[in-house]
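User: I would like to learn how to read the features of a model like this one, beginning with annotated sites and then moving on to the fold. Could you take me through them in turn?

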Amino acid sequence: MNVLDLYQQAGAYHEGHFLLASGRHSPKFLQSTTLLQHPHLTEQIGQALAQRLKETGVHADLLIGPAMGGVVLAYETARHYGTRAIFAEKDGHGGMKIREAFTINPGETFIAVEDVLTTGGSVLKAVRAAEAAGGRCAAIACIVDRRPVEGDLEGYPLVSLTRLVFDTYAPDEVPAWLAAIPLQEI
């Protein structure tokens, strides 16, 4: 599966000047919500991610995604992985929480699922919320790993469908050629 082709097919791959959720600037952006609104593409992504998790030997009792972007992806991946899916939502204090209707039994294992991993901030908040509820993180999975360095994320095994490393810049390091392009906040 060529993940970038799926993003392009959905009109979800963009070039310009973008302010990412991480606060960094980038000349390229993958809009997963555009991709994941297409059930046939979402099914392909969820099936491929579940298969990759199984191939790597990761076992878990449930999948969790950070709201809102990870909800559909966690559900579709869990459907093919053969387990249940829940989500973590913002707690109003900069972190995330698990909704009362969701149960994580002490010691249950989970896989945290994210669309595009740039810094890992959102998915790590979901991991912390699930761990606070008694769960144990078996792995983190994503469609695209954008981090410049390959490997685990803060000690958690990382499974991705692809790595696409696009240049990103701190706000005070944006090059002149990128600064000349109108900024789009996403």
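Analyst: Before turning to the binding site, keep in mind that UniProt positions are given in the numbering used here, and that annotations may be inferred rather than shown by experiment. The model itself is predicted.

User: With that caution in place, which residues does UniProt list for "binding site"?

Analyst: The UniProt record, an unreviewed entry, lists under "binding site" Lys-90, His-93, Glu-114, Asp-115, Val-116, Leu-117, Thr-118, Thr-119, Gly-120, Gly-121 and Ser-122. These residues span 33 positions in sequence and their farthest two C-alpha atoms are 23.2 Å apart, so they do not all gather at one spot. The lining of the largest pocket nevertheless includes Lys-90, Glu-114, Asp-115, Val-116, Leu-117, Thr-118, Thr-119, Gly-120, Gly-121 and Ser-122.

User: Where do Lys-90 and His-93 lie, and are they buried or exposed?

Analyst: A residue is called exposed when its relative accessible area is over 50% and buried when it is under 20%. Lys-90 belongs to strand 4, which covers residues 84-90, and its relative accessibility of 66% makes it exposed. His-93 sits in the loop between strand 4 and strand 5 (96-98), and at 73% relative accessibility His-93 is likewise counted as exposed. Once neighbours within four places in sequence are set aside, Lys-90 is in contact with Gly-95, Met-96 and Lys-97.

User: How should I read the domain that UniProt gives for this chain?

Analyst: The UniProt entry, which is unreviewed, places "domain: Phosphoribosyltransferase" at residues 33-157. In the model, the end C-alpha atoms of that span lie 25 Å apart, and the span is 37% helix and 27% strand.

User: Turning to the whole chain, how many helices and strands are there, and what does the radius of gyration say?

Analyst: Six helices and nine strands make up the secondary structure elements of the chain. A compact globule of 186 residues would have a radius of gyration near 16 Å, and the chain has 16 Å, so the two agree. Along the principal axes, the C-alpha atoms fill a box of roughly 50 × 35 × 30 Å. Buried residues account for 50% of the 186 residues, and the accessible surface of the chain comes to about 9000 Å², 49% of which belongs to carbon and sulfur atoms. Among contacts with a separation of 6 or more, 61% are made by residues 24 or more positions apart.

User: What can Ala-60 show about a buried position in a loop?

Analyst: Ala-60 is found in the loop between helix 3 (39-55) and strand 3 (62-66), and because its relative accessibility is 15%, Ala-60 counts as buried. Beyond its neighbours within four places in sequence, Ala-60 is in contact with Tyr-81, Thr-83, Thr-109, Phe-110 and Ile-111. The C-alpha atoms of Ala-60 and Val-159 are separated by 13 Å, although these residues are 99 residues apart along the chain.

User: How many aromatic pairs are there, and how is their geometry described?

Analyst: Two rings are taken as a pair if their centres lie within 6.5 Å, and planes over 60 degrees apart count as edge-to-face. By this rule there are three aromatic pairs. In one of them, the rings of Tyr-13 and Phe-166 have centres 6.2 Å apart and planes at 50°, so this pair is tilted. Since Tyr-13 lies in strand 1 (residues 13-19) and Phe-166 in the loop between strand 8 (158-163) and helix 6 (176-179), the pair ties together parts that are 153 residues apart in sequence. Phe-166, at 10% relative accessibility, counts as buried. The rings of Phe-87 and Phe-102, with centres 5.1 Å apart and planes at 80°, form an edge-to-face pair. Phe-87 lies in strand 4 and Phe-102 in the loop between strand 5 and strand 6 (109-117), so this pair ties together parts that are 15 residues apart in sequence. Phe-87 is buried at 19% relative accessibility, whereas Phe-102 is partly exposed at 23%.

User: Lastly, which peptide bond is cis, and which residue other than glycine has a positive phi?

Analyst: The peptide bond from Ala-67 to Met-68 is cis, with omega near 0°, and Met-68 is placed in the loop between strand 3 and helix 4 (69-81). Glu-154 has a positive phi, near 50°; Glu-154 lies in the loop between strand 7 (136-145) and strand 8, and is exposed at 58% relative accessibility.

Notes
Residues numbered from 1 in each chain as written. Predicted model: local features only at pLDDT ≥ 70, side-chain atom pairs only at ≥ 80, totals over all residues. Heavy atoms only, no water. 1 Å grid on protein atoms, 1.4 Å probe; cavity = no way out; pocket = protein on both sides within 12 Å on 5 of 7 lines; lining within 4 Å. Helix = DSSP H or I, 4+ residues; strand = E, 2+ residues; numbered from the N terminus. Buried < 20%, exposed > 50% of the residue type's maximum accessible area, 1.4 Å probe, protein only. Contact = heavy atoms within 4.5 Å. Rg over C-alpha atoms; globule rule 2.2 N^0.38 Å. Areas by Shrake-Rupley, 256 points an atom, 1.4 Å probe, with all protein chains shown as cover. Phe/Tyr/Trp six-rings, centres within 6.5 Å; stacked < 30°, edge-to-face > 60°.
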